[in-house]
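Here are my comments on the model you sent, set out as numbered points. Please read them with the structure open beside you.

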Amino acid sequence: MRLVALVDDLFFIGKIESIVKNLGLAIKFLQADDIMKREFDCVIVDMHHKDAFIVIEKFPHDTLGFASHVKKDLFEKAQKLGCRRVYPRSVFFEKLPELLK
């Protein structure tokens, strides 16, 4: 599986890298313009990232998104763009291994 991510928070990068590595997978953390040029199977998006919705709009069905549970507007916006796999952070990190299998 080819994984890329639009995440710039070092804490979340570390958590994602650890989970991905434990699954025997690799991931590239990129900026939105680089993601647009790549082929991948799944993109993980921190919906708090300034370019999150550029990526979600272009790849709604390939996106796994996460955000703070109190930011209901981000979840609604992602879902309006066709992204159905968006989770509160705590649920996202708990479910990530299952979602990537």
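**Helices against the sheet**

1. Helix H1 lies across strand E1 (3-6), E2, E3 and E4, and runs at about 165° to E2. The coordinates belong to a predicted model, and the remarks here should be read with that in mind.

2. The strands that H1 crosses belong to an open sheet of five, arranged in the order E2-E1-E3-E4-E5 with parallel pairing. Strand E2 (27-29) and E5 are the edge strands, each of them pairing on one side only, and from one strand to the next the twist averages 20°.

3. At the E5 edge, the pairing of E4 with E5 is parallel and extends over three bridges; Phe 66 stands opposite Tyr 87, the latter being a residue of E5.

4. Helix H5 lies across E3, E4 and E5, and its direction makes an angle of about 130° with that of E5.

5. Which residues of H5 are buried? Within this helix, which spans residues 89-99, they are Phe 92, Phe 93, Leu 96 and Leu 99. Viewed down the axis of H5, the buried residues fall within an arc of 125°, and they therefore line one face of the helix.

6. The buried residues of H5 pack against helix H1 (10-22) as well as strand E3 (42-46), strand E4 (63-67) and strand E5 (86-88). On the face of H5 that is turned away from this buried side, by contrast, the exposed residues Ser 90, Glu 94 and Glu 98 are found.

Terms used
Residues numbered from 1 in each chain as written. Predicted model: local features only at pLDDT ≥ 70, side-chain atom pairs only at ≥ 80, totals over all residues. Heavy atoms only, no water. Buried < 20%, exposed > 50% of the residue type's maximum accessible area, 1.4 Å probe, protein only. Helix = DSSP H or I, 4+ residues; strand = E, 2+ residues; numbered from the N terminus. Arc of directions from axis to C-beta. Contact = heavy atoms within 4.5 Å. Pairing = 2+ DSSP bridges. Axes fitted to C-alpha atoms, helices over the stretch in contact; angles between N-to-C directions.
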